[in-house]
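Let's take a friendly walk through one protein model and see how its pieces pack together. Have a look at the picture first, then read on.

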Amino acid sequence: AIHIISFIAWMAAMFYLPRIFVYHSEKTLHISTYKKFLIMEKKLIKIIMTPAMLVTWLLGFALILINNNIEFWILIKIFFVILMSACHGFFVKCYKDFYKKKNKYSHKFFRIINEVPTFLLVVIVFLVVFKPSF
């Protein structure tokens with residue numbers, strides 16, 4: 001249950017952070033608004049997103065060890081969780097770019113990239129629910 005709860009928390013943050021980036025990347029932001037977005041992003045990453053990802057990974061491996069059974073679908077799921085983790089890392093890099101005032105992406109880019117975690121979530125959940133045998 002805690003594995004699922006931590007995954008939900010991770011996904012909530014992964015959906016929300018790029019939405020903040022959409023507004024943060026607007027060219028006409030007042031400096032106080034820009035700084036407020038930085039605070040929101042930092043707290044989301046440090047307090048929710050990264051701890052939830054770490055708990056998800058830790059408990060996922062614990063479940064594999066407890067069940068002592070690795071089926072092929074689990075390997076595919078791990079691959080997509082690695083992709084989700086890479087997306088997480090990319091979002092952290094984007095935050096750091098905003099912090100350094102070196103963001104090079106437009107609000108349109110962030111609107112599109114916001115869909116990547118959704119796609120990965122759908123694939124991961126389908127793998128868990130249907131446990132396909134290839």
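## Who touches whom

Before anything else, one bit of vocabulary: two residues are in contact when they have heavy atoms within 4.5 Å of each other. Keep in mind, too, that this is a predicted model.

Now try that out on S6, which sits in helix α1. Leaving aside residues up to four places away in sequence, S6 touches A52, V55 and T56. Is S6 buried or exposed? S6 is buried, because its relative accessible area is 7% and the cut-off for buried is under 20%.

## V55, on the other side

One of those partners, V55, has its place in helix α2. With a relative accessible area of 34%, V55 counts as partly exposed. Again not counting residues up to four places away in sequence, V55 touches I2 and S6.

V55 and W10 are 45 residues apart along the chain, and their C-alpha atoms are separated by 9.3 Å.

## How α1 and α2 pack

Zoom out to the helices themselves. α1 and α2 pack at an angle of about 155°, and their axes are 8 Å apart. Angles over 145 degrees count as roughly antiparallel, so α1 is roughly antiparallel to α2. The contact of α1 with α2 breaks down by class into 25 nonpolar, five polar and one charged residues. As for handedness, α1 passes α2 in a left-handed crossing.

## How α1 and α5 pack

α1 has another partner to look at, α5. Here the angle is about 155° and the axes lie 10 Å apart, which means α1 is roughly antiparallel to α5. From α1, the contact uses F7, M11, M14 and F15, while α5 brings P117, T118, L121 and I124. Sorted by class, the contact of α1 with α5 has seven nonpolar, one polar and no charged residues.

## The nonpolar core

In soluble globular proteins, nonpolar side chains tend to be buried together. So how many residues does the largest nonpolar core have here? It has 36, and the ones with the most contacts inside it are W10, M14, F21, M49 and F91. The elements giving two or more residues to this core are α1 (2-24), α2 (31-67), α3 (72-99), α4 (107-113) and α5 (116-130). α3 supplies the largest share, with 12 residues.

W10 is worth a closer look. Setting aside residues up to four places away in sequence, W10 touches M49, A52, M53, T56, W57, V81, M84, S85 and H88.

Terms used:
Residues are numbered from 1 along each chain as its sequence is written. This is a predicted model: local features need pLDDT of at least 70, side-chain atom pairs count only at pLDDT 80 or more; totals for chains, interfaces and linings use all residues. Side-chain values use heavy atoms; hydrogens and water are left out. A nonpolar core is a set of buried Ala, Val, Leu, Ile, Met, Phe, Trp, Tyr and Cys residues joined through side-chain atoms within 4.5 Å. Buried means under 20% relative accessible area, exposed over 50%, partly exposed in between (1.4 Å probe, protein chains only). Helices (H or I, at least four residues) and strands (E, at least two) are DSSP runs, numbered from the N terminus. Axes are lines fitted to C-alpha atoms, for helices over the stretch in contact, and angles run from 0 to 180 degrees between N-to-C directions. Angles under 35 degrees count as roughly parallel, over 145 as roughly antiparallel, 65 to 115 as roughly perpendicular and the rest as oblique. A crossing is left-handed if the near helix is turned anticlockwise from the far one by less than a right angle, and right-handed if clockwise. Ala, Val, Leu, Ile, Met, Phe, Trp, Tyr, Cys and Pro count as nonpolar, Asp, Glu, Lys and Arg as charged, and the others, Gly among them, as polar.
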